[in-house]
Amino acid sequence: MTILTQACTPFEGQKPGTSGLRKKTKVFMQPGYVECFVQSIFNAIGGVQGKTLVVGGDGRYFNAEAIQTILRMASASGAERVVVGRGGLLSTPAASNLIRQRKADGGLILSASHNPGGIDADFGLKYNISNGGPAPESVTGAIFEQTQSLSSYKTLDTGDINLARMGEVMLGDTRVEIVDPVSDYAALMQALFDFDAIRALISDGFSIRFDAMHAVTGPYARTILEDMLGAPEGTVLNGVPLVDFGKGHPDPNPIWAKPLVDMVMAEDGPDFAAASDGDGDRNMILGRGVYVTPSDSLAVLAANAHLAPGYSQGLAGVARSMPTSRACDRVAEAMGIACYETPTGWKFFGNLLDAGRATLCGEESAGTGSDHVREKDGLWAVLLWLNILAVRQIGVQEILQDHWQTYGRNYYSRHDYEAIATDPAQDLMQNLSNTLAELPDKTAGSLTIETADQFTYHDPVDGSVSHNQGLRISFAGGGRAVLRLSGTGTEGATLRIYLELYEPPTGQLDMESQEALRGISAATRELCQLTERTGRTEPDVVT
Ligand code: VG1
Ligand code: CO
């Protein structure tokens with residue numbers, strides 16, 4: 001096997017976004033595209049000579065090919081060991097766990113997560129550091145810088161290796177270890193949760209459904225829910241990972257997982273249902289007749305986590321992304337623990353988790369996790385819910401009611417306006433940003449504005465500062481709107497408008513969410529001149 005040094009010219013736009021580099025699959029399939037990005041990662045982290053890496057992905061179209069490319073390149077650059085999931089599969093939380101368990105130097109995760117897969121859909125690649133978490137901005141910035149001046153990459157003059165067989169193979173001087181993607185992760189879950197209690201709940205007739213959306217969690221959910229916890233066969237729906245996710249959109253929300261929502265809304269529906277996304281780091285929680293917003297889920301988990309063995313000592317603190325509702329803040333306040341507010345994207349939680357300041361973290365986009373790994377974790381959230389339900393012996397609906405009666409209710413919804421042309425979307429944000437200082441005390445729609453600002457994050461651990469992380473507007477009467485542009489899309493711009501209204505325990509707790517938020521939505525659309533600037537009147541996706 002010979003090491004080849006191939007000349008290359010930089011590709012434009014290899015800039016990691018909220019969670020790694022995401023582009024159309026065909027962009028990634030251009031000759032040299034993956035190679036240039038991977039070499040830039042290696043260069044940015046000081047090379048991989050003698051290092052151990054973890055590599056795996058969500059199984060989408062082009063996953064296997066890209067992994068072979070990465071393995072050849074890791075070998076050509078002198079990596080000592082690469083740990084790969086069998087078949088190239090690793091859920092994002094399982095990859096994070098493997099990086100930590102094996103004390104690897106880092107990992108490459110191939111996924112565009114909740115974005116659809118297939119030759120005409122999306123692909124993604126991201127680098128995680130040795131704590132198991134997504135590379136922080138200092139590293140992603142260095143990677144981007146490398147992509148702009150790269151002139152060559154190194155690879156190996158050899159064919160593909162067989163990823164279907166577990167065990168070790170040598171690729172040049174690099175030891176490639178192909179591991180079962182599920183077992184280490186399942187063992188971690190067993191250490192955190194009371195599997196006996198959950199097994200008893202299920203054998204008592206508590207019925208559950210888990211929709212893996214033909215994405216990576218199928219094998220994990222089957223092993224854990226059906227094999228280890230005794231849920232009947234068929235509990236896991238769409239459990240076989242497919243390269244195009246069965247042409248679905250692997251985003252676990254009431255829009256893209258509608259069949260599951262319809263199921264729990266039926267009279268004879270299951271007691272509990274959940275779904276996860278393409279790479280297994282998101283979760284949607286449902287109970288019979290009820291959808292739990294991710295923001296409420298985080299708050300409920302924070303209030304009840306001590307009921308699970310892994311968290312019986314209590315929580316050091318909680319953290320949420322800025323647009324996530326402030327429901328968990330109230331729990332933290334009542335518990336006397338800190339609550340941190342970070343920008344969108346899991347990479348911002350890493351320092352807080354490493355420093356032991358936060359135990360639980362969450363995002364409104366269906367991401368919840370804890371210090372057990374350094375990624376959000378879909379099945380973990382499902383198991384924590386099941387553990388809590390097993391201990392409390394009441395339904396999801398009752399848990400929510402009880403929560404709202406104790407802490408009040410944060411009505412919440414996100415409205416997405418997708419595939420807007422980039423210029424008008426940026427102008428809209430810029431224009432609103434320019435007027436922020438004048439907004440307090442003005443009225444919009446029927447509401448009075450109290451405060452308006454641009455969110456800047458000061459990382460309390462390493463002192464780094466991240467600017468322009470979203471526009472925040474608060475209204476008299478407990479309402480809030482947040483506006484930001486998505487950093488994971490691959491087509492034009494997606495404007496996300498996050499809406500929130502707080503009702504105290506003595507207030508109205510049983511409104512329909514969209515109804516409760518109507519005034520805030522109208523005021524925000526007026527303020528940002530949505531229709532004038534984008535031609536849009538209604539959101540494409542409401543979650
Ligand atoms: C979205 C979500 C964000 C999440 C990110 C990655 O980012 O809003 O909360 O961390 O996706 O999730 P954006 O920039 O499009 O709003 V995953 O599961 O797609 O890796
Ligand atoms: Co994901």
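What spacing do the donors of the cobalt ion (ligand 2) follow along the chain? In this predicted model, the pattern reads S-x163-D-x1-D-x1-D. The protein atoms behind it are the OG of Ser-113 and the OD atoms of Asp-277, Asp-279 and Asp-281, which sit 1.9 to 2.1 Å from the metal. Ser-113 belongs to the loop between strand E5 (106-110) and strand E6 (122-128), while Asp-279 belongs to the loop between strand E12 (272-276) and strand E13 (283-287), so this pair ties together parts that are 166 residues apart in sequence. Ser-113 and Asp-279 are both buried.

Next come the pockets. The largest one has a volume of about 1,200 Å³. It is lined by 38 residues, and Gly-17, Thr-18, Leu-485, Ser-486 and Gly-487 are the closest to its centre. Elements that each give two or more residues to this lining include strand E2 (21-24), helix H5 (137-149) and strand E25 (479-485), but the largest share, 5 residues, comes from H15. Sorted by class, the lining holds 23 polar, 8 charged and 7 nonpolar residues.

The second largest pocket comes in at about 460 Å³. Here 24 residues make up the lining, with Pro-254, Met-265, Tyr-291, Thr-293 and Ser-513 closest to the centre. Helix H9 (258-265), helix H14 (396-407) and helix H16 (513-527) are among the elements that supply two or more residues, and E19 gives the most, with 5. This lining counts 11 nonpolar, 9 polar and 4 charged residues.

Then there are the charged pairs. Side chains of opposite charge can pair when their charged atoms come close. Across the whole structure, 32 salt bridges turn up. One of them joins Glu-177 to Arg-81, at 2.4 Å from N to O. That bridge links distant parts of the chain, with Glu-177 in strand E9 (residues 174-179) and Arg-81 in strand E4 (residues 81-89), 96 residues apart. Glu-177 is buried, at 12% relative accessible area, whereas Arg-81 is partly exposed, at 24%.

A more local case is the bridge between Arg-199 and Asp-196, whose closest N and O atoms are 2.9 Å apart. These two are 3 residues apart in helix H7 (residues 195-203), so about one helical turn separates them. Arg-199 is partly exposed at 32% relative accessibility, and Asp-196 is exposed at 55%. Finally, salt bridges with shared partners join Arg-320, Arg-326, Asp-329, Glu-341, Asp-453, Arg-472, Arg-480 and Glu-500 into one network.

Definitions and conventions:
Residues are numbered from 1 along each chain as its sequence is written. Chains are lettered from A and ligands numbered from 1 in the order in which they are written. This is a predicted model: local features need pLDDT of at least 70, side-chain atom pairs count only at pLDDT 80 or more; totals for chains, interfaces and linings use all residues. Side-chain values use heavy atoms; hydrogens and water are left out. Donors are N, O and S atoms within 2.8 Å of the metal (3.2 Å for Na, K and Ca); water is not among the atoms, so sites may look incomplete. Helices (H or I, at least four residues) and strands (E, at least two) are DSSP runs, numbered from the N terminus. Buried means under 20% relative accessible area, exposed over 50%, partly exposed in between (1.4 Å probe, protein chains only). On a 1 Å grid over the protein atoms alone, a cavity is a set of points where a 1.4 Å probe fits but cannot get out, and a pocket is an open set with protein on both sides within 12 Å along at least five of seven lines; lining residues have an atom within 4 Å of a point. Grid points are joined across faces, edges and corners, and a volume is the space filled by probe spheres set on the points. Ala, Val, Leu, Ile, Met, Phe, Trp, Tyr, Cys and Pro count as nonpolar, Asp, Glu, Lys and Arg as charged, and the others, Gly among them, as polar. A salt bridge is a side-chain nitrogen of Lys or Arg within 4 Å of a carboxyl oxygen of Asp or Glu.
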